[in-house]
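Okay, thanks for squeezing me in. Let me put the model up on the screen, and then we'll walk through it together.

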Amino acid sequence: MTKRPGRWALQRPEWQSVRHGVLERDGWKCRQCGSRRRLEVHHTKPVRDFPEEAFNPDLCLTLCAPCHTIETNRELGRVPDPKRQAWRKAVAELATTKPKHEKEMKCLIQ
Ligand SMILES: [Zn+2]
């Protein structure tokens, strides 16, 4: 995908205040999984098809980046590639797991 539909709307100053309002309303949490990281605001009606609704907070949802991707793919009728999903999950787990190097080093010394 080279061009994101509805991008014009996201560059408008109105969007910043709508976006902030939606994040506030949803308590700065993903409505799908409750995550507070990498939050984005999703349009439940695609801006491409409903440009007049682009700044309607009632049609916006707070989602984290991974949930947003899943939701967008679902909307576009794409089935996520399970291999890719598994890879993403593994990377996400790696990013959240603390390195075990210290423990492993001690084992080596003993
Ligand atoms: Zn989420």
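So, to start: which element of the protein chain has the lowest mean pLDDT, and which the highest? The low end is helix α5, residues 101-109, with a mean of 61, and the high end is β2 with 97. For anyone new to the score, pLDDT is the predictor's confidence in each residue, from 0 to 100. Over the protein chain the average is 85, and 82% of the residues score at least 70.

Two bits of housekeeping. This is a predicted model, so local features need pLDDT of at least 70 and side-chain atom pairs count only at pLDDT 80 or more, while totals for chains, interfaces and linings use all residues. Residues are numbered from 1 along each chain as its sequence is written.

Now the layout. The protein chain has five helices and two strands, and from the N terminus the order is α-α-β-β-α-α-α. Those come from DSSP runs numbered from the N terminus: helices are H or I with at least four residues, strands are E with at least two.

How much of it is buried? Of the 110 residues in the protein chain, 12% are. By buried I mean 20 or more other C-beta atoms within 10 Å of the residue's own; exposed is 12 or fewer, partly exposed is in between, and the C-beta atoms are placed from the backbone. As for contacts, take those with a separation of 6 or more: 62% of them join residues 24 or more positions apart. A contact here means two C-beta atoms, placed from the backbone, within 7 Å.

Let's go to the strands. β1, residues 39-43, pairs with β2 in the antiparallel sense, over five bridges; the rule for pairing is at least two DSSP bridges between the strands. β2 covers residues 60-64, and five of its five residues are buried, so the rest of the structure largely encloses that strand. Cys60, Thr62 and Cys64 point one way from β2, with Leu61 and Leu63 pointing the other way.

Which residues make up the largest nonpolar core? There are eight: Val22, Cys30, Leu39, Cys60, Leu61, Leu63, Cys64 and Cys67. β2 gives the most to this core, with four residues. The recipe for a core is buried Ala, Val, Leu, Ile, Met, Phe, Trp, Tyr and Cys residues joined through C-beta atoms within 7 Å.

Have a look at histidine 42 while we're here. It lies in strand β1 and stands opposite leucine 61 in β2. Histidine 42 has 20 C-beta neighbours inside 10 Å, so it counts as buried. If you skip neighbours within four places in sequence, its contacts are Cys60, Leu61, Leu63, His68 and Glu71. The C-alpha atoms of histidine 42 and threonine 69 are separated by 9.7 Å, with their positions 27 residues apart along the chain.

On to the helices. α2, residues 13-25, has 13 residues and reaches 19 Å from first C-alpha to last, close to the expected 18 Å. The expected span is 1.5 Å times one less than the number of residues. Valine 22, again leaving out neighbours within four places in sequence, is in contact with Val41, Pro57, Cys60 and Thr62. Glutamate 24 is in α2 as well, but it is exposed, with 11 other C-beta atoms within 10 Å. Its C-alpha is 9.3 Å from that of threonine 62, though the two are 38 residues apart in sequence.

α4, residues 82-96, has 15 residues and reaches 21 Å, close to the 21 Å expected. What number of its residues are buried? Zero, so α4 lies largely in the open.

Last thing, some backbone angles. Most residues other than glycine have a negative phi. After α2 comes glycine 27, with a positive phi near 70°. Tryptophan 28 isn't a glycine, yet its phi is positive too, about 55°. Arginine 38 is another non-glycine with a positive phi, near 50°. Tryptophan 28 lies in the loop between α2 and β1, and arginine 38 lies in the loop between α2 and β1 as well. Tryptophan 28 counts as exposed because it has 10 C-beta neighbours inside 10 Å, and arginine 38 is exposed with 12.

That's my tour, thanks for listening.
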